[in-house]
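Open the model in your viewer and keep the sequence panel beside it. The stops below go from one selection to the next.

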Amino acid sequence: MAWHIGKDRTLPTGERTLIMGVLNVTPDSFSDGGQYASPFPALDHARQMIADGADIIDIGGESTRPGAALISPEEEIDRVLPVIEALAKESTIPISIDTTKSMVARAALAAGASIVNDISALRFDFHIADEVVKAGAGLILMHSRGTPATMQRLPPAADIISDVLHSLRASISMAVRRGVPNHSIVIDPGIGFGKTFNQNVELIAKLDQIAAAFPDLPVMIGTSRKAFIGHVLADENGNSAPVDERLHGTMATITAAVLKGAHIVRVHDVKAAVETVKLTDAIKASK
């Protein structure tokens, strides 16, 4: 299986698990507190992730943490473009733009990105598909419920697997109707985006069902440092494990996801993830 992310570029997604390194150039990220909100530290961090073995760098300029407020496309572009342009000049690594706005996607693809990672799966702005087609880029369609501002206040889905499958089918259909080739699409069940803690665990446990429903599409999963891990690792008083104490829990979820069919994992801690998936891939291959 190969994922087409540019006119002449593909990424193999069956030989080994690919690592997507997260680079949030936002002042209000849940995971890194705005450490990389300016270009110089952001570039240094991207270089380190590449040195640690990242296959893709995913750059985001708008926080999608629960309760996050929207920013304008212009502000988002101002945040991400200097980093994309500089990284594209010095490295051949594929760059992904994490956005829900076609205007941002267009600017990022012109600046050197070759993938659009849309957490709304075209629900917020279906013209993202048009920009992907024009650029011959890759497209990640992630399941989510509501918006970042409302997703954790929604009533839980009665059947989260059915909800994810139904919504992703609709998004894939939309993308294909607008001209995105199937071989340029990746799907993501959207861990943490409008799901309960237990539903996040269920999605990982049943990821093979999602993979089987879309046998021609690579599956990506992003569990890194998320709240459900802190919940599972809570202390005896019920206090959630803080973000900086979720590394081992993250690696456990990555192991389970790869064994259940994930082709790409989106992570903050690249070196640990590279080592984790190398062993997990070896175990999976020996079955």
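Is His263 buried or exposed? Select His263 to begin, and keep in mind that this is a predicted model. His263 has a relative accessible area of 15%, which means that it is buried, since the limit is under 20%.

**Stop 1: around His263**

His263 sits in the loop that runs between helix 9 and strand 10 (264-267). Show the residues that touch His263: setting aside neighbours within four places in sequence, they are Met1, Thr13, Arg16, Thr17, Leu18, Leu217, Pro218 and Val219. Met1 deserves a distance label. Along the chain, Met1 and His263 are 262 residues apart, yet their C-alpha atoms are separated by 9.8 Å. Now look at the side chain of His263, which reaches the backbone oxygen of Gly261 at 3.4 Å.

**Stop 2: the second largest pocket**

Keep His263 selected, as this residue also belongs to the lining of the second largest pocket. Add the others in that lining: Thr13, Gly14, Glu15, Arg16, Thr17, Val258, Ala262, Asp281, Lys284 and Ala285. The pocket has a volume of about 160 Å³. Which helix gives the largest share of this lining? Helix 10 (residues 270-285) does, with 3 residues. Colour the lining by class and you should find 3 nonpolar, 4 polar and 4 charged residues.

**Stop 3: Thr253 in helix 9**

Go next to helix 9 (residues 247-259) and pick Thr253. Thr253 is buried, with a relative accessible area of 10%. Its side chain reaches the backbone oxygen of Thr250 at 2.6 Å. Beyond the residues up to four places away in sequence, Thr253 touches Ile204, Thr223, Phe228 and Ile229.

**Stop 4: Arg225**

Select Arg225, in the loop between strand 9 (220-221) and helix 8 (227-232). What is the relative accessible area of this arginine, Arg225? The value is 17%, so Arg225 counts as buried. Show side chains here: those of Arg225 and Asp269 are joined by a polar contact of 3.0 Å. Check the backbone as well, where Arg225 has a positive phi of about 65° although it is not a glycine.

**Stop 5: Ala121 and Ile128**

Another positive phi is found at Ala121, a residue other than glycine, where the angle is near 50°. Ala121 lies in the loop between strand 6 (115-118) and helix 4, and at 3% relative accessibility it is buried.

Move on to Ile128 in helix 4 (residues 127-135). With a relative accessible area of 0%, Ile128 is buried. Leaving out residues up to four places away in sequence, Ile128 touches Thr99, Thr100, Lys101, Ser102, Ala105, Val116, Asp118, Leu122 and Leu139. For a longer distance label, pick Pro41: Ile128 and Pro41 are 29 Å apart, C-alpha to C-alpha, and 87 residues apart in sequence.

**Stop 6: the cavity**

Two of the contacts of Ile128, Thr99 and Thr100, lead to the next selection. Rolling a probe the size of a water molecule over the atoms shows where empty space is left. How many cavities of 30 Å³ or more does a search of the whole structure find? The search finds 1. The largest cavity has a volume of about 40 Å³. Select its lining: Glu62, Thr64, Glu76, Asp98, Thr99, Thr100 and Ile119. By class, this lining has 1 nonpolar, 3 polar and 3 charged residues.

**Stop 7: Ala110**

Select Ala110 in helix 3 (residues 102-111). Ala110 is exposed, because its relative accessibility is 71% and the class begins over 50%. Draw a line from Ala110 to His4: their C-alpha atoms are separated by 17 Å, and the two residues are 106 apart along the chain.

**Stop 8: the nonpolar cores**

In soluble globular proteins, nonpolar side chains tend to be buried together. Which residues have the most contacts inside the largest nonpolar core? They are Leu23 and Ile59, in a core of 68 residues. Helix 5 (residues 160-177) gives the most to this core, with 7 residues. To finish, select Trp3, Ile5, Met20 and Val186, which are among the members of a second, separate core of 11 residues.

Terms used: Residues numbered from 1 in each chain as written. Predicted model: local features only at pLDDT ≥ 70, side-chain atom pairs only at ≥ 80, totals over all residues. Heavy atoms only, no water. 1 Å grid on protein atoms, 1.4 Å probe; cavity = no way out; pocket = protein on both sides within 12 Å on 5 of 7 lines; lining within 4 Å. Points joined across faces, edges and corners; volume = space filled by probe spheres on them. Helix = DSSP H or I, 4+ residues; strand = E, 2+ residues; numbered from the N terminus. Nonpolar A, V, L, I, M, F, W, Y, C, P; charged D, E, K, R; others polar. Buried < 20%, exposed > 50% of the residue type's maximum accessible area, 1.4 Å probe, protein only. Polar contact = N/O pair within 3.5 Å; in protein donor to acceptor, adjacent residues only side chain to side chain. Contact = heavy atoms within 4.5 Å. Core = buried A, V, L, I, M, F, W, Y, C linked by side-chain atoms within 4.5 Å.
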